[in-house]
Amino acid sequence: MAAIRGKDTKPEMIVRRGLWRMGFRYRLNHKRLPGHPDLVLTKYRTCIFVNGCFWHGHEGCKLYSVPKTNTEFWINKVRRNQERDVDVKRRLNAMGWNCITIWECELKPSRRDDTLKSLAFTLNEIWLDSHKVNRYYAIPEEESEHYQKVAEAETKD
Ligand SMILES: [Zn+2]
């Protein structure tokens, strides 16, 4: 089983390969950043965490089911991980980093493509926001006419 799964099917590898294929470049496990994020995209000022659903306690997820034995032990263990995740994100945000969490269950073969597409979308949004690019270039014609009229009305008096 271990041999079949192989290294390459690890959730983190799926994200790495997907991003690379879409042209995003990243650093791995940045040692100087809180929580050693799995992937760091300096150009996008973004840290990506690829989280296992059990260990990081993905709420409402099928993959996060607490074992029937030693239940309290596991609940406490996962809760500590969740608290650490929140703390790490708070520290990164304070340093001006964006944080994106990708969950293991979002990388199942059936959801993988959508997850990677929306990740790319989010990264591009972050880039646009941070560069204050005019995002209204795609306004449909009627709408841009409307804006023009408003602008004209405003400049009349
Ligand atoms: Zn999950």
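Contacts that reach across the sequence carry a good share here: among contacts in the protein chain with a separation of 6 or more, 55% link residues 24 or more positions apart. Keep in mind that this is a predicted model. The chain has 157 residues, and 21% of them count as buried. Strand 3 is a handy place to start, since six of its six residues are buried.

**Overall layout**
- Five helices and four strands make up the secondary structure of the protein chain.
- Going along the sequence, you read α-α-β-β-β-α-β-α-α.

**Strand 3, both faces**
- Strand 3 covers residues 46-51 and is mostly covered.
- T46, I48 and V50 point one way from the strand, C47, F49 and N51 point the other way, and all are buried.
- That split fits a general pattern: in a regular strand, side chains alternate between the two faces of the sheet.

**Who pairs with strand 3**
- On the antiparallel side of things, strand 2 (residues 39-41) pairs with strand 3 over three bridges.
- Within that pairing, L39 sits opposite I48 of strand 3.
- The two strands form a hairpin with four residues between them, and R45 in the turn has a positive phi of about 50°.
- Strand 4 (residues 98-103) also pairs with strand 3, this time in the parallel sense and over six bridges.
- Here C47 stands opposite C99 in strand 4.
- How do you get from strand 3 to strand 4, and with which hand? Helix 3 (residues 71-94) joins them in a β-α-β unit, and the unit is right-handed.

**The largest nonpolar core**
- This core has 21 residues, and the ones touching the most other members are V15, L39, L41, C47, I48 and I102.
- Two or more residues each come from helix 2 (11-21), strand 2, strand 3, strand 4 and helix 4 (109-131).
- Which element gives the most to this core? Strand 3 does, with four residues.
- I48 and C47, listed among the best-connected core members, point opposite ways from strand 3.

**A closer look at V15**
- Setting aside its neighbours within four places in sequence, V15 is in contact with L39, I48, V50 and I102.
- Two of these partners, I48 and V50, point the same way from strand 3.
- L39 and I48 come up again as residues that stand opposite each other, and both are in contact with V15.

Technical notes. Residues are numbered from 1 along each chain as its sequence is written. This is a predicted model: local features need pLDDT of at least 70, side-chain atom pairs count only at pLDDT 80 or more; totals for chains, interfaces and linings use all residues. A residue is buried if 20 or more other C-beta atoms lie within 10 Å of its own, exposed if 12 or fewer, and partly exposed in between; C-beta atoms are placed from the backbone. Two residues are in contact if their C-beta atoms, placed from the backbone, lie within 7 Å. Two strands pair if DSSP finds at least two bridges between them. A crossover is right-handed if, with the strands pointing away from the viewer, the path from the first strand over the helix to the second runs clockwise. A nonpolar core is a set of buried Ala, Val, Leu, Ile, Met, Phe, Trp, Tyr and Cys residues joined through C-beta atoms within 7 Å.
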